[in-house]
Amino acid sequence: RHCVVMLAVFCSLLCLTVTNAAWQVTFFDDFDGASLNHSIWYARNNDTHGPITHEIELYMRDAVYVKDGNLVIKTYPHNAIGPDGKTEYHYASGWVMSDARGNADCSQVSTRTTTPTDIPPNYTGFSQLYGKWEVRAMLPWGMTMWPAHWLMPKPDICWPVGGEIDIMEYFGHPRDWKRVFGTLHWAKKCGKDEYPAGTNGRFPPLDHPGMLFNTSYHIYGVEWAQHKIVWSVDGVPYHVRTSQNATIPSHAMYWILNTAMFANNQWKPNPHDFPQYHKIDWVKVSKWAK
């Protein structure tokens, strides 16, 4: 029965993907070198994502590294004072992005006004308008874990007017341990998110028993065109947004790969579950060949 359900989902969305498209790879990183390519990737250091997302980790550069052909984002217990000089943090994790000069903080209504001062002289970054964006990764697992692969607009546009494409999010609480999510955020006014809560895509769907994402690698992707976005896992499409029911982003976007942690009165991390590792085998972006 579940195979039939998955096949039906695939067939219902297949017509919304690019048919017989000839893809041309515009960006690829398989992390087979000795270290991160710092002309493309920038890791945030001693930084946070703001209180609005209820995150409890401190982003540290040491938590992002290359090992055994993977980009690794490590999440681990770490006691430190945040950049405001007063907030205590008890966990560290990593955030890496392909354009340090863009809108890096969607927790604020307006974008950052300063560029990091430690960007290498040869830094070029990467961003692109439209195309197929894919990540092959094995996710961390556990209470409060929140790994994500997402896209943000390169111009300084207040959030979420420029859009935000969440290619993959995993939420570490029992209700969603065996699913990942795909979401689009958009708005006409700064800070006025028009995404209808609960309407994001889920893979596998709720009538499927689910699957584990921390025991093997999977390919998480979107096909982003002028009038639609289609989300997929391992090539199986499961969610779509079109210009008929959303505002499709029309600016070049860049990668953000990170592992956040969330907590509230009900959900708290178990220190015995750490360290956790978010392993990214490769990242690829393609465009439609003309």
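What follows is a conversation between a trainee and a mentor about how features of this predicted model earn their labels.

Trainee: Let's start with the aromatic rings. Why is the pair of Phe27 and Phe126 called stacked?

Mentor: Two values settle that. The ring centres are 4.6 Å apart, and the cut-off for a pair is 6.5 Å. The planes are 25° apart, and planes under 30 degrees apart count as stacked, so the pair of Phe27 and Phe126 is a stacked one.

Trainee: How do you know that this pair links distant parts of the chain?

Mentor: Look at where the two residues sit. Phe27 belongs to strand β1 (residues 23-29), while Phe126 is in the loop between β7 (95-97) and β8 (131-138), 99 residues apart.

Trainee: And what makes Phe27 and Phe126 count as buried?

Mentor: Buried means under 20% relative accessible area. Phe27 has 9% relative accessibility, so Phe27 qualifies. Phe126 has 11%, so Phe126 qualifies too.

Trainee: Why is the pair of Phe213 and Tyr220 called tilted?

Mentor: Their centres are 6.2 Å apart, with 45° between the planes. Stacked needs under 30 degrees and edge-to-face needs over 60, so with 45° this pair is tilted. Both Phe213 and Tyr220 are buried.

Trainee: How many aromatic pairs are there in the count?

Mentor: The count comes to 18 aromatic pairs. Ring pairs also link residues into a cluster, which includes Phe27, Trp41, Phe126 and Trp255. Trp41 and Trp255 appear again among the residues with the most contacts inside the largest nonpolar core, which has 43 residues. A second, separate core has 18 residues, Tyr42 and Trp95 among them.

Trainee: Trp95 has a charged companion as well. What makes Arg44 count as lying over the face of Trp95?

Mentor: Arg44 is at 4.1 Å from the ring centre, and the distance cut-off is 6 Å. The rule also asks for a position within 35 degrees of the ring normal. Lys74 likewise lies over the face of Tyr76, at 5.2 Å from the ring centre.

Trainee: On to opposite charges. Why is the contact between Lys154 and Asp99 called a salt bridge?

Mentor: The closest N and O atoms are 3.8 Å apart, and the cut-off is 4 Å, so the label applies. Lys154 lies in the loop between β9 (145-153) and β10 (164-169) and Asp99 in the loop between β7 and β8, so the bridge ties together parts 55 residues apart in sequence.

Trainee: Which of these, Lys154 or Asp99, is buried, and which is partly exposed?

Mentor: Asp99 is buried, at 1% relative accessibility. Lys154 has a relative accessible area of 36%; that falls between 20% and 50%, so Lys154 is partly exposed.

Trainee: How do you know that Asp281 and Arg136 form a salt bridge?

Mentor: Their N to O distance is 2.7 Å, which is within 4 Å, so they meet the rule. Asp281 lies in strand β17 and Arg136 in strand β8, so this pair ties together parts 145 residues apart in sequence.

Trainee: Strand β17 also holds Ser286. Why is Ser286 called buried?

Mentor: Ser286 has 2% relative accessibility, and buried means under 20%, so the label applies. Beyond its neighbours within four places in sequence, Ser286 is in contact with residues including Trp23, Val25, Tyr130 and Lys132.

Trainee: Finally, what makes β5 and β6 count as paired strands?

Mentor: Pairing needs at least two bridges. Four bridges join β5 (residues 70-81) to β6, and the two run antiparallel, so they count as paired.

Key. Residues are numbered from 1 along each chain as its sequence is written. This is a predicted model: local features need pLDDT of at least 70, side-chain atom pairs count only at pLDDT 80 or more; totals for chains, interfaces and linings use all residues. Side-chain values use heavy atoms; hydrogens and water are left out. A nonpolar core is a set of buried Ala, Val, Leu, Ile, Met, Phe, Trp, Tyr and Cys residues joined through side-chain atoms within 4.5 Å. Buried means under 20% relative accessible area, exposed over 50%, partly exposed in between (1.4 Å probe, protein chains only). Contact means heavy atoms within 4.5 Å. Rings of Phe, Tyr and Trp (its six-membered ring) pair if their centres lie within 6.5 Å; planes under 30 degrees apart count as stacked, over 60 as edge-to-face and the rest as tilted. A salt bridge is a side-chain nitrogen of Lys or Arg within 4 Å of a carboxyl oxygen of Asp or Glu.
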